[in-house]
Amino acid sequence: MAVRLALFADTIGMALGTIRANKMRSGLTVLGVVIGITAIVGMSSIIRGFDNSFRDLIRELGPSTIIVARVSFASAGSGIDRKELMKRPNLTIEDARVLQAEIPSLQAVDAWVQGQERMFYRSEKTQSISILGASEKFTDINFLKIEQGRFFTENEVTHRRNVVVIGQVPFKAFFGNTDALGKVIRIGSTQYTVVGVAAPRPSIGGLGNQQDALAVIPYTTFAKLFGTVATGGRRRTGRSAQIFCVPKEGVSREAAMREVETVMRIRHKLKLNQPNDFDVATQDMALKFFDQATGAIYLALVVISSIALMVGGIGVMAIMMISVTERTREIGVRKALGARRREILWQFLLEAVVLTSVGGILGVIIGAAVGVSVRTFTPLPVSMPWWSFAIGFAFSASVGIFFGLFPAFRASRLDPIEALRYE
């Protein structure tokens, strides 16, 4: 055992010596491996950061929240034609009220509609930001936490009061750190009194504070600002609502989903053989949809990295073939002194693995440096799990084994007499 370890260490030392003796050639040879491993480590750390950020945002909804929408991610990959999706009827605020009234197992139900508009305060103004029209139950489903003031009341919704809760972006743009409560701002051409300021919300993928660029007003006044809203009865023109339902404690989410689906089908007068003309989704479905999207990105990353690694591997094979030719007499001498075929094979195979492993280590270091630089100089979230380093190193070693096998096999098959005669 000790002899084998000594031989193994000697072979590693010889391989490193060969690399040191041919620095330029070795560097160019492993360049493809370095690029491939750098791409794997660097890009996977950025994608992983996005992945964690998005999952945190989805989890804010809560594991049991049921989302009812005209068209959602649940339709992605379902095979439904886009034209058919666009023909679906709008969901209304009245739909949410009926769900709350007819399904006792639901703890909370709320709906909101969305538009885009600029906001103004004295000489200040914002870019176009999200304006949400919601009911007084908006905060019951963990959409928003109030940092200053309060949320609007049922009375203010019923009487179509011009009150607003603003996010951190308009708050800082208009008021800095001063008191915003009671101030009158303008959304489009309509004046609203600020009754509350929302707490900061997590950003998606670290891309700025887009989650805080919002204002929430009663859905009754939303109609005054944006025109018709699908609010109830048979009137389903205008902006479609999104409905969020939370089952009571002890009620399974699947059972609540079936009840929601049944009530919605009855309201939409669908026959037994007709498919749903709405989507019922959950947090898990959103995460599954995101997994499919990131899976495609990971696949593209693997393909691109594989091309670089293949180019690097071919370079390693070429340089090892040259090395075998250059060291033919050395192989003949070793065989004449009693070296067996497998020892020659292992020698050259290990040289190839050491060569690509050095490239892999450089790639891991550069990839980690890319990740740290992105995290330091940009708002993008970066996560560098240990397994990305392990995978990078394992890939580089595998490239050495795969592309070094043929030159090593060829070296081991050399006839010792012919090898000693080689000039």
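In this short talk I will go from the overall form of the protein to two of its strands, β8 and β10.

Please keep in mind from the start that what you see is a predicted model. In it the protein has 14 helices and twelve strands, and along its principal axes the C-alpha trace spans about 100 × 60 × 40 Å. A compact globule of 423 residues would have a radius of gyration near 22 Å, whereas this protein has 32 Å. Of the 423 residues, 46% are buried, and the accessible surface comes to about 21,800 Å², with 61% of that area belonging to carbon and sulfur atoms. If we take the contacts between residues at least 6 apart in sequence, 75% of them join residues at least 24 apart. As for charge, there are 49 positive and 34 negative charges, and their mean positions lie 4 Å apart.

Let me now turn to strand β10, which covers residues 214-218. Why can we say that β10 is largely enclosed by the rest of the structure? The reason is that five of its five residues are buried, and here buried means under 20% relative accessible area. Strand β10 pairs with strand β5, residues 129-134, in the parallel sense over five bridges, and one pair to look for is Ser130 with its bridge partner Leu214 in β10. Strand β10 also pairs with strand β7, residues 163-166, but those two run antiparallel and are joined by two bridges; there you can find Ile166 standing opposite Ala215 of β10.

The other strand I would like to show you is β8, residues 184-187, where the side chains alternate along the strand. Which of these side chains are buried, and which are not? Ile185 and Ile187 point to one face and are buried, while Val184 and Arg186 point to the other face and are not buried.

Strand β8, too, has pairing partners that we can follow residue by residue. With strand β3, residues 119-121, β8 runs antiparallel and shares two bridges, and Met119 stands opposite Ile187, which is one of the buried residues I have just mentioned. With strand β9, residues 190-198, the pairing is again antiparallel, this time over four bridges, and here Val184 of β8 stands opposite Thr193 of β9. Strands β8 and β9 form a hairpin with two residues between the strands, and in that hairpin Gly188 takes a positive phi near 65°.

Technical notes: Residues numbered from 1 in each chain as written. Predicted model: local features only at pLDDT ≥ 70, side-chain atom pairs only at ≥ 80, totals over all residues. Heavy atoms only, no water. Buried < 20%, exposed > 50% of the residue type's maximum accessible area, 1.4 Å probe, protein only. Pairing = 2+ DSSP bridges. Rg over C-alpha atoms; globule rule 2.2 N^0.38 Å. Contact = heavy atoms within 4.5 Å. Areas by Shrake-Rupley, 256 points an atom, 1.4 Å probe, with all protein chains shown as cover. Lys, Arg positive; Asp, Glu negative; His and termini not counted. Charge placed at Lys NZ, Arg CZ, Asp CG, Glu CD.
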